[in-house]
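Hi,

Here is the structure I promised to pass on. Have a look at it first, and my notes follow underneath.

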Amino acid sequence: MKNISITCLVLFVIIFLSTATRLNAQENNGLSNGQTIYVPAYSHIYAGNNEVRALLAVTLSIRNTDINHPIEILSVDYYETQGQLLKKFIASPLALNALGTARYTIPYKDKSGGSGANFIVRWKSLKPVNSPIVETIMVGPRSSFTSRGQAIFPSE
């Protein structure tokens with residue numbers, strides 16, 4: 001009788017947890033009301049055995065992937081390798097329409113960010129929306145590559 005009670009209790013806990021997880025997933029559906037996103041950037045990289053510095057132009061792209069709702073870009077800040085703020089790109093929030101894109105650039109000859117530069121992008125939305133794609137595209141005379149942003153804080 002004791003084994004049957006324990007088995008019933010275990011089954012109850014399993015069913016409860018799986019139902020709660022499913023309901024939580026259905027509530028979110030992968031949507032968000034905002035995030036803070038860390039985006040790696042490289043104003044230069046090192047090439048060859050002698051670690052020759054190769055300069056790169058950097059483009060930050062923020063793409064609203066929601067087909068129905070705008071998002072609001074709260075801040076776009078550029079940091080150098082040691083974590084010092086180099087530039088604030090927007091002074092006040094910017095509305096980004098559904099499927100709209102905003103871009104910000106660091107010129108090819110601007111090496112101030114270094115090989116560990118990054119952007120911090122903050123955004124929010126009045127309604128839960130698909131999270132934007134936030135990435136950097138680095139282009140130089142001999143190479144080009146991209147880095148995808150990573151959410152470091154959930155909704156604002």
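**What I found**

This is a predicted model, so let me start with confidence, since pLDDT is the predictor's confidence in each residue. The chain has a mean pLDDT of 86, with 81% of its residues at 70 or more. The weak spot to know about is residues 20–27, where pLDDT stays under 50 and the model has zero contacts beyond four places in sequence. Where pLDDT is low, the predicted coordinates should not be read in detail.

Next, the strands around S10. Strand S10 covers residues 133–139 and runs antiparallel to strand S4, residues 57–63, with seven bridges joining the two. If you want a landmark in that pairing, look for isoleucine 62, which stands opposite valine 134 in S10.

S10 is also joined to strand S11 (residues 144–148), again antiparallel, by five bridges. One pair to look for here is threonine 136 with its bridge partner in S11, serine 147. The connection between S10 and S11 is a hairpin of four residues.

Finally, a residue you might like to click on: alanine 151, in strand S12, which spans residues 150–153. Is alanine 151 buried, exposed or partly exposed? Its relative accessibility is 35%, so alanine 151 counts as partly exposed, falling between the 20% and 50% cut-offs. Leaving aside residues up to four places away in sequence, alanine 151 touches Gln35, Thr36 and Ile37. Valine 39 is 112 residues from alanine 151 in sequence, yet their C-alpha atoms are 8.7 Å apart in space.

Best wishes

Note on methods: Residues are numbered from 1 along each chain as its sequence is written. This is a predicted model: local features need pLDDT of at least 70, side-chain atom pairs count only at pLDDT 80 or more; totals for chains, interfaces and linings use all residues. Side-chain values use heavy atoms; hydrogens and water are left out. pLDDT is the predictor's confidence in each residue, from 0 to 100. Contact means heavy atoms within 4.5 Å. Two strands pair if DSSP finds at least two bridges between them. Buried means under 20% relative accessible area, exposed over 50%, partly exposed in between (1.4 Å probe, protein chains only).
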